[in-house]
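Biologist: I am new to this structure and would like to understand the reasoning behind the words used for it. Could we go through it together, one term at a time?

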Amino acid sequence: LIYCYRKPKTKRAKRFLEKREPKLKENTKNAMLIKGGNANLRVTEVLKDIYAVKKPFAVLYKKKNITRPFEDQTSLEFFSKKSDCSLFLFGSHNKKRPNNLIIGRMFDYHVLDMIELGIEKFVSLKDVKNSKCPEGTKPMLIFAGDMFDVNEEYRRLKSLLIDFFRGPSVPSIRLAGLEYVLHFTAVDGKIYMRSYKVLLKKSGCKIPRIELEEMGPSLDLVMRRTHLASDDLYKLSLKQPKALKPKKKKNISHDVFGTTYGRIHMQKQDLGKLQTRKMKGLKKRPAEKSAEDGGVSPKKSKSA
């Protein structure tokens, strides 16, 4: 396979290609939301609400696209390269699989893994008459249920949801900025997605009293088909460049509580010659000095 590299003719094309070049610290992952050829009103509303939650790191395709991701993935890979998106959410509806969502992610513009979910219940953002969070708010993600840790498919779904909703990486946060919660619960073969707004109320002390107010959207989902990457390909996608790997420091260890311990290598010291503080109480008496020398202190005998 011969790859032909075309040199950019304009500065704008050069900047465009530089943005897409591999970086040590990758950009925030963008998501594309695609409507299938037979998507109904409910699926369309779900895509619009998730787009509102994901903005500004999302692209919503309003036209219908006749494609089946589990049979043919070329159209998804084409849209991924066109919009520079590594995450996707595809919505469709038919008699065999009604109210269908396919969530997935890309690696090197090829589908890495995707999971098909069926919508059983949906409450829209418009249906919940409460105040909303501003656009671009980074959510706090909470996962409840043993299935997210025991089952491999649910574990991969958890990883997918974290990738999809995590937002940009930030060096620090403030307390007032923690105002949006996305809660996922896996129980009895279903996945419940709920979103809340965090209200900080007065508590009479420095720490405020926290209340959760349902904001929408909320979804009751059931898992259908899965397309998971092989272990080798999944490990390759998680590989970090050498420049980002932390350098190992010698003679430094950490305990379970995060305390750092350092080991220092020193030559053997003679503590007998250690200089101490000069005080009257620490001065040696003549008898102690003679005992150290191994002799008896010479005392003048009194003449009779």
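Modeller: Let us begin in helix α5, where R155 and E152 both lie, 3 residues apart, which is about one turn of the helix. Please keep in mind throughout that this is a predicted model.

Biologist: What makes R155 and E152 a salt bridge?

Modeller: The closest N and O atoms of R155 and E152 are 2.7 Å apart, and the rule asks for a side-chain nitrogen of Lys or Arg within 4 Å of a carboxyl oxygen of Asp or Glu, so the pair counts as a salt bridge.

Biologist: Why is R155 called partly exposed, and why is E152 called partly exposed?

Modeller: R155 has a relative accessible area of 37%, and the value for E152 is 37%. Buried means under 20% and exposed means over 50%, so a value in between is called partly exposed.

Biologist: Which residues are joined into one network by salt bridges that share partners?

Modeller: That network is made of K29, R105, D113, E152, R155, R156 and D163. One of the salt bridges in this structure is formed by R105 and D163, whose closest N and O atoms are 2.9 Å apart. R105 lies in strand β4 (residues 100-107) and D163 in helix α5 (residues 152-165), so this pair ties together parts that are 58 residues apart in sequence.

Biologist: How do you know that R105 is buried, and that D163 is buried?

Modeller: The relative accessibility of R105 is 5%, and that of D163 is 12%; buried means under 20%, so both residues receive that word.

Biologist: How many salt bridges are counted by this rule?

Modeller: The count comes to 16 salt bridges. Among them is the one between the side chains of K55 and E135, with a distance of 3.8 Å from N to O, and this value is still within the cut-off of 4 Å. The pair links distant parts of the chain, 80 residues apart, with K55 in the loop between α2 (41-54) and β2 (58-65) and E135 in the loop between β5 and β6.

Biologist: What is the relative accessible area of K55, and what is the relative accessibility of E135?

Modeller: K55 has 26% and is therefore partly exposed, whereas E135 has 55% and therefore counts as exposed, the word being kept for values over 50%.

Biologist: What makes K11 part of a positive surface patch?

Modeller: The patch is formed by K7, K11, R12, K14, R15 and K19, and K11 itself is found in helix α1 (residues 11-19). A patch residue needs over 30% relative accessible area and no salt bridge, and K11 is exposed at 68%, so its area satisfies the first of these conditions.

Biologist: Which residues form the nonpolar patch on the surface?

Modeller: L175, L200, I210 and L212 form the nonpolar patch, with about 400 Å² of accessible area together. L200 has its place in strand β8 (residues 190-201) and counts as partly exposed at 38% relative accessibility, which is over the 30% that a patch residue needs.

Biologist: How many disulfides does a search of the whole structure find?

Modeller: The search finds 0 disulfides, which means that no pair of cysteine sulfur atoms lies within 2.5 Å. As for individual cysteines, C133 is buried, with a relative accessible area of 16%, whereas C205 counts as exposed at 55%.

Methods. Residues numbered from 1 in each chain as written. Predicted model: local features only at pLDDT ≥ 70, side-chain atom pairs only at ≥ 80, totals over all residues. Heavy atoms only, no water. Patch = residues over 30% accessible without salt bridge, like charges linked within 9 Å, V, L, I, M, F, W, Y side chains within 5 Å. Areas by Shrake-Rupley, 256 points an atom, 1.4 Å probe, with all protein chains shown as cover. Lys, Arg positive; Asp, Glu negative; His and termini not counted. Charge placed at Lys NZ, Arg CZ, Asp CG, Glu CD. Helix = DSSP H or I, 4+ residues; strand = E, 2+ residues; numbered from the N terminus. Buried < 20%, exposed > 50% of the residue type's maximum accessible area, 1.4 Å probe, protein only.
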